[in-house]
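Here's a quick briefing to read alongside the model. Grab the viewer and follow along.

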Amino acid sequence: MNHSNLYFRTFLLLLAVVTVAFIWVLLPYYGAIFWGTILAVVFAPLHRRLLARLRGRPNLAALTTLMIIILMVIIPLILITGSLLQEGAAIYKRLNTGELNLGDYFEQIMSVLPPSVHEVLTRFGVGDIFSLREKLSAGALQGSKFLATQAVNVGQNTFEFLIGLGIMLYLLFFLLRDGAQLARQSKQLIPLSDEHQQHLFRKFTTVVRATVKGNIVVAATQGALGGLMFWFLGIQGALLWGVLMAFLSLLPAVGAALIWVPVAVYFLVTGAIWQGVVLTLFGVLVIGLVDNLLRPLLVGKDTKIPDYVILISTLGGLAVFGLNGFVIGPLFAALFIACWDLFPSAIRMNQEE
């Protein structure tokens, strides 16, 4: 008996060491592995339908699904990212040469505000216009410099990017083809009841699909609408602002308004009344309506997570995991809620045994 306990503990120690070592080896490409898994979960229903139509030929069904993902997701994302980095580099050049100065725009807004507004700003410790102007200009320069740096890094690390993309697509093919079998094997390794396993796996897939599909649809729609309106109004860098609105749309409640509201205010206070009115109405009635209608339908309805939890977990996920955090944060929040929902039944099962 003592020997059995010793062997089992030794095996557990060996298992832990090997698992940590394996994770350490995979860490350089964790982003590729993560997104390969996420895309496999999101497109699993499409793969199942194709598998049924192709009469149970798994390789062909997985390859067809992979081609659809490349055409729908990978290629458009690469093209948009390349255009965004080029536009960011161009704006950085204009900011660096002084051709574009956001501080001047800010000073124009402040100059037409009534004295009462200046008093309120002073009361809150932000009345130093020149200091704010310099900070705004420096922040814009740093942001555009980051985009320009990323453009250079992408060019220098093209080989590494292609390796990561290849790993993601290669893994995605096998996850699509063998995903159902891998899920069954994973369930056998988890020491939980069938009911608890089903609940957690269902919550995992539901949250991943709802978060990715919902957030991406909302973000892409708001970014596209905002970018088109900026282009219509003749605002330079419409693509960059559209992408920024799409990215900020990942944050519930605030989102794209962080971009279009200051621009609308600038138009209104500098005499461009019709542009300011059009942008305000479009932002409230169209961009805002997209968020209010689509997000509850695509995200909140399926995940059943309160909006404030989604907001906080998304912000926390972005802060800890970067761009991947907009999925990881809500996913951890959903699993946290699911585990605590199962806690009473786990106690009852333990007492019964």
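A helix here is a DSSP run of H or I that is at least four residues long, and helices are numbered from the N terminus. By that count, L26 lies in helix α1. Keep in mind that this is a predicted model. The protein chain has 14 helices and zero strands, so the notes below go from the overall fold to a surface patch, a helix pair and one histidine.

**Overall fold**

- Going along the sequence, you meet one helix after another: α-α-α-α-α-α-α-α-α-α-α-α-α-α.
- The protein chain has 353 residues, and 34% of them count as buried.
- Take the contacts between residues at least 6 apart in sequence: 70% of these join residues at least 24 apart.
- The accessible surface of the protein chain is about 21,600 Å², and carbon and sulfur atoms account for 70% of that area.

**The nonpolar surface patch**

- Which residues form the nonpolar patch on the surface? They are F22, I23, W24, V25, L26, L27, Y30, V320, F321 and F332.
- Together, these patch residues have about 1,100 Å² of accessible area.
- Two helices, α1 (2-26) and α13 (307-321), each supply at least two residues of the patch.
- Of the contributors, α1 gives the most, with five residues.
- One patch member to look at is L26, which sits in α1. L26 counts as partly exposed because its relative accessibility is 31%, and partly exposed covers the range between the buried cut-off of 20% and the exposed cut-off of 50%.

**The α10/α11 pair**

- Helix α10 covers residues 238-248 and helix α11 covers residues 257-269. The two pack at an angle of about 130°, and their axes are 8 Å apart.
- That angle makes α10 oblique to α11.
- On the α10 side, the residues that meet α11 are W241, L244, M245 and L248. Their partners in α11 are L258, I259 and W260.

**A look at H47**

- You'll find H47 in helix α3, which spans residues 44-53.
- Is H47 buried or exposed? H47 is buried, because its relative accessible area is 6% and buried means under 20%.
- Leaving aside residues up to four places away in sequence, H47 touches P58, A61, A62, T65, L176 and R177.

Methods:
Residues numbered from 1 in each chain as written. Predicted model: local features only at pLDDT ≥ 70, side-chain atom pairs only at ≥ 80, totals over all residues. Heavy atoms only, no water. Patch = residues over 30% accessible without salt bridge, like charges linked within 9 Å, V, L, I, M, F, W, Y side chains within 5 Å. Areas by Shrake-Rupley, 256 points an atom, 1.4 Å probe, with all protein chains shown as cover. Salt bridge = Lys/Arg side-chain N within 4 Å of Asp/Glu carboxyl O. Buried < 20%, exposed > 50% of the residue type's maximum accessible area, 1.4 Å probe, protein only. Axes fitted to C-alpha atoms, helices over the stretch in contact; angles between N-to-C directions. Parallel < 35°, antiparallel > 145°, perpendicular 65-115°, else oblique. Contact = heavy atoms within 4.5 Å.
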